[in-house]
Amino acid sequence: RRQRQMCISDRIHNEYIDVDGDKISKIEFDFYYSMTKQNILNQELFSGMTYGSYFASYMGYDTSKSDSSQTYGGNSDYTWYDYFANAALSTIKEDKALLKDADKNGFTYNADDDYNNFIDNLKSSADSAGSSVKDYYKTVFGENATEKNIKGYLCSYLKAASYQGELQTKLKPDDAEIASYYEEHKDDYAVSYTHLRAHETLSDL
């Protein structure tokens, strides 16, 4: 039995897709699929509506059904699984690039606090759903997921997010730079504003 379990584990971890030279295991892909999907669904489209609500109301997306069983945008050759899988691949590429850049630039990060907060929230969600933590991992991150075997992927995901946040902070212009940019381009803003007001007036007719 132990040998059979080892074979199954090897198969799961060694099955992979190649993403820009990085070997992505099934467990890692399923993890990114879940994280990317939830980020998309929870992202605010505009005030009072998330993408998840929009997909459900206007595109017929049903979270109670499998993604692979639902066509996306009426295209019989493209499903919601395809949509989220492609988004997950984009996230993987971005995170791998961020992690390489972080290491290159000597970025240090201790994932303990962020990891523990994530796990606490996950356990709370499992409790709210009336599920065991073990089963909830499989529901959220795929049938092969356990707390142990996705920890490395989760910590890398959190590190990439932290590094991205640091880059955004460093690259954010200060007030003087914003004021200087505005002075140089204020005529463009005036044209844009006039066009916007004209568009709004026409829309009201």
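## A walk through the chain

Among contacts in the protein chain between residues at least 6 apart in sequence, 55% join residues at least 24 apart. Keep that in mind as you click around, and remember that what you have open is a predicted model.

**Stop 1: the whole chain.** Show everything as a cartoon and colour it by secondary structure. You should find eight helices and six strands. Going along the sequence, the pattern reads α-β-β-α-β-β-α-β-β-α-α-α-α-α. Now switch on the surface. The protein chain exposes about 14,100 Å², and carbon and sulfur atoms supply 48% of that area. Of its 205 residues, 28% count as buried.

**Stop 2: a salt bridge inside one helix.** Side chains of opposite charge can pair when their charged atoms come close. How many salt bridges does the count come to? It comes to six, and we'll visit some of them.

Select D30 and K26. They form a salt bridge, with their closest N and O atoms 3.5 Å apart. Both sit in helix α2, which covers residues 26-42, and because they are four residues apart there, about one helical turn separates them. Is D30 buried or exposed? D30 is buried, as its relative accessible area is 16%, and the cut-off for buried is under 20%. K26, on the other hand, has 32% relative accessibility, so it counts as partly exposed.

**Stop 3: a bridge between two helices.** Stay with α2, but select E28 and add K96. Their side chains meet in a salt bridge, at 2.9 Å from N to O. This pair links distant parts of the chain: K96 belongs to helix α4 (residues 80-104) and E28 to helix α2, 68 residues apart. Try hiding the rest of the protein and then bringing it back, since both K96 and E28 are buried.

**Stop 4: a bridge from a loop to a helix.** Next, select D67 and K37. Here the side chains meet in a salt bridge of 3.0 Å, N to O. Where does each partner sit? D67 is in the loop between α3 (51-58) and β5 (71-72), while K37 is in helix α2, so to speak a link across distant parts of the chain, 30 residues apart. Both D67 and K37 are buried.

**Stop 5: one side of α6.** Move along to helix α6, residues 133-141, and show the side chains of Y136, Y137 and F141. These residues are buried. Look down the helix axis: they cover an arc of only 105° around it, which means they lie on the same side of α6. What covers the buried residues of α6? The cover includes α2, α5 (112-128) and α7, so you can colour those helices to see them around it. Then click on G142, which follows α6 and has a positive phi, near 110°.

**Stop 6: the start of α7.** Finish by selecting N149, which is found in helix α7 (residues 147-171). N149 is buried, because its relative accessible area of 18% is under the 20% cut-off. Now show N144 and T146 too, and follow the side chain of N149. It reaches the backbone oxygen of N144 at 2.9 Å. A polar atom of that side chain of N149 also lies 2.9 Å from the backbone nitrogen of T146. Draw both distances in the viewer, and the N149 side chain appears with its two backbone partners, N144 and T146.

Technical notes. Residues are numbered from 1 along each chain as its sequence is written. This is a predicted model: local features need pLDDT of at least 70, side-chain atom pairs count only at pLDDT 80 or more; totals for chains, interfaces and linings use all residues. Side-chain values use heavy atoms; hydrogens and water are left out. Buried means under 20% relative accessible area, exposed over 50%, partly exposed in between (1.4 Å probe, protein chains only). A polar contact is a pair of N or O atoms within 3.5 Å; within protein, one must be able to donate a hydrogen and the other to accept it, and residues adjacent in sequence count only if both atoms are side-chain atoms. A salt bridge is a side-chain nitrogen of Lys or Arg within 4 Å of a carboxyl oxygen of Asp or Glu. The arc is that of the directions from the helix axis to the C-beta atoms. Contact means heavy atoms within 4.5 Å. Accessible areas come from the Shrake-Rupley method with a 1.4 Å probe; for residues, only the protein chains shown count as cover.
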